[in-house]
Amino acid sequence: MSAIANNSILTRNPEMIAGEIDGQLVMVSIESGKYLHLNKVAGRIWEILEKPDTFENLCAILIQEYDINIESCQLEVGGFLQELLEQNAISIA
Amino acid sequence: MNNAPTANPPYLYRAYGLNIESEIAFPEMEIGQGQADVMIQLASGLPRELPEPARCGWRFQARPSQVLLTTTQTYTLISDGKRIQTELKAEANIRDVRLLLLSWGMGALFHQRGILPLHGCAMEVDGGCVVFCAASGVGKSTLTMNLLRLGYHFLDDNVAAVQKENGQPIVHPGLKQLKLLPDTMKNFGLSPEKHEMIHSNESKYTVILSENHANRALSLRRIYLLKRSRSNRLQMRELKGQEKAEALQKQIFHARYIQGLGIAREHYSQMLWLAGKTQVIEAILPDPRPQPEEIALQLLEDNARRNKF
C-alpha cells in the first residue's frame with residue numbers, strides 16, 4: 001500500500017450500498033448485484049468514509065477507537081483498504 | 001371463465017394489495033372495489049420498440065418506468081407501475097395472455113412499484129406469512145396441497161409480493177389459483193379434465209381455490225428455501241448475513257427488469273432491508289422421499305418452534 005500517502009483522499013464507491021444483517025455489514029454492488037461482507041474494522045472504515053477523508057485523518061480516528069499506535073494502525077489500515085479496493089468498495093485519489 | 005364476474009368489463013379486482021381495473025376477465029383474482037391503482041387495458045398501436053431502451057433481453061426491453069414485452073401472442077407495455085396495456089396478435093389465445101400478464105406483466109409492475117416479488121408459495125401459518133421457495137420438482141406444490149389439506153390458507157401459490165408497511169415486511173394475498181401438474185392433482189383427488197390448462201405449451205392446470213385463499217395481509221415471518229439431497233432426514237439451517245442476502249436475491253421474480261428500469265439502487269437497498277428483517281431457513285428435504293404429509297408437519301413444527309424465539 002505504498003501508493004497511499006497521508007494526504008490521499010479515500011472515497012466510497014457510490015455504486016456500493018451497505019446494510020447491517022444479523023450484525024454483519026453486508027455490501028452489494030448495484031451494478032453487478034454481487035454481495036460481500038466486511039469484517040468489523042473494514043466496516044468501521046466504511047462508516048468513517050461516509051464523507052471522503054484522508055488516510056491520515058482515517059488513522060487518527062482509528063487510533064482513538066482501537067488500542068493501537070499510529071505506525072501499526074497505518075500498516076494494518078493499509079491492508080483493510082487494499083481489501084476494500086479489491087472489492088471496488090472505495091477509490092483512492 | 002366460470003369464475004368471472006358477471007358484470008361487463010372493465011372488471012375490478014383486488015390482488016397484491018392493489019385494486020386492479022381490467023378490460024380482461026381474470027377468474028384467478030378476487031373481486032375488488034374502490035379506486036383503481038392499476039389498469040389492465042386492451043390496446044392497439046403499441047410501440048414495437050422502446051425509445052432508447054436501457055436493457056434488452058429475451059422478449060423484453062426496459063427503460064426507466066417502462067417495460068415492453070414482445071411475445072408470439074402480444075405486445076405488452078407496462079408503464080409507471082400503474083398500467084399494463086396489451087395488444088393482441090391475431091393468433092392470441094386469451095388464456096395464454098392472462099398467464100403472460102400475471103407473470104411477466106405483473107413482475108414488471110411489482111418492480112416499478114418497489115414491491116419485492118419473491119418466487120415462492122406464500123402461506124398463512126399461525127397468523128403470519130411463511131414463504132416456501134423451491135426449484136421445480138422439489139415438491140413445493142405437494143407441500144402446498146398438504147398444508148391446505150391441514151386447513152391452512154394460501155396468499156399466493158407463485159409469488160410473495162413483499163411490501164414495506166410501517167417499517168415491516170408485509171405480504172398481501174395475490175391470486176386464488178394454484179398451478180398444478182396432473183399427477184399432483186390426482187394425488188389430491190382433483191380431476192385435470194375439470195380444470196383449465198394454464199397455457200397451451202405447459203402441462204400444468206389452473207385450480208381455483210377461493211375457500212382456501214387468505215383474505216388479509218400478513219407480516220412476513222420467514223422464508224424456507226426447499227432443496228433436495230440424498231439424506232434420510234429433513235435438515236434445517238438458518239442463513240445469516242451475506243449468505244442470506246444472496247439466497248434471497250436468487251428468489252426475486254423477474255430480476256432481469258431491474259437494471260433496465262434504473263431501479264437497482266432502490267432494489268438492492270430494499271433487499272438489504274428485507275434480509276435484515278426476515279429469517280431465511282434452508283430446508284434440505286430427504287431423498288428418497290418420505291410421506292409428503294410428514295414433511296409438511298415437520299416444517300410446521302419447525303416454524304412453530306422458531307415463532308417462540
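User: What makes chain B agree with a compact globule?

Analyst: Its radius of gyration does. This is a predicted model, and for 309 residues a compact globule would come out near 19 Å; chain B has 19 Å, so the two agree. The radius is taken over C-alpha atoms, and the globule rule is 2.2 Å times the number of residues to the power 0.38. Along its principal axes, the C-alpha trace of chain B spans about 55 × 45 × 35 Å.

User: Before we go on, what are the ground rules for the numbering and the model?

Analyst: Residues are numbered from 1 along each chain as its sequence is written, and chains are lettered from A and ligands numbered from 1 in the order in which they are written. As this is a predicted model, local features need pLDDT of at least 70 and side-chain atom pairs count only at pLDDT 80 or more, while totals for chains, interfaces and linings use all residues; side-chain values use heavy atoms, with hydrogens and water left out.

User: How many helices and strands does chain B have?

Analyst: Chain B has 7 helices and 21 strands. Those are DSSP runs numbered from the N terminus: helices are H or I with at least four residues, strands are E with at least two.

User: Why is B:E124 called buried, and what about its partner B:R216?

Analyst: Buried means under 20% relative accessible area, exposed means over 50%, and partly exposed is in between (1.4 Å probe, protein chains only). B:E124 has 15%, so it counts as buried, whereas B:R216 has 44% and so counts as partly exposed. For chain B as a whole, buried residues make up 55% of the 309.

User: How do you know that B:R216 and B:E124 form a salt bridge?

Analyst: Check the distance. A salt bridge needs a side-chain nitrogen of Lys or Arg within 4 Å of a carboxyl oxygen of Asp or Glu, and here the closest N and O atoms are 3.0 Å apart. B:R216 sits in the loop between β18 (205-208) and β19 (218-228), and B:E124 in strand β11 (residues 121-125), so the pair ties together parts that are 92 residues apart in sequence.

User: What makes A:R44 and A:E65 a salt bridge too?

Analyst: Their closest N and O atoms are 2.6 Å apart. A:R44 lies in helix α1 (residues 40-48) of chain A and A:E65 in helix α2 (residues 55-65), so this pair ties together parts 21 residues apart in sequence. With relative accessible areas of 24% for A:R44 and 38% for A:E65, each is partly exposed. Over all chains, the search finds 16 salt bridges.

User: Which residues are joined into one network with B:K240 and B:E238?

Analyst: Start with the pair itself: the side chains of B:K240 and B:E238 meet at 3.6 Å, N to O, in a salt bridge. B:K240 is partly exposed at 43%, as is B:E238 at 26%. Salt bridges that share partners join these two with B:D302, B:R305 and B:R306 into one network.

User: Which residues is B:S219 in contact with, leaving aside neighbours within four places in sequence?

Analyst: B:G128, B:C129, B:P169 and B:I170. Contact here means heavy atoms within 4.5 Å. B:S219 is found in strand β19 of chain B, and its 38% relative accessibility makes it partly exposed. The C-alpha atoms of B:S219 and B:R289 are separated by 31 Å, the two being 70 residues apart along the chain.
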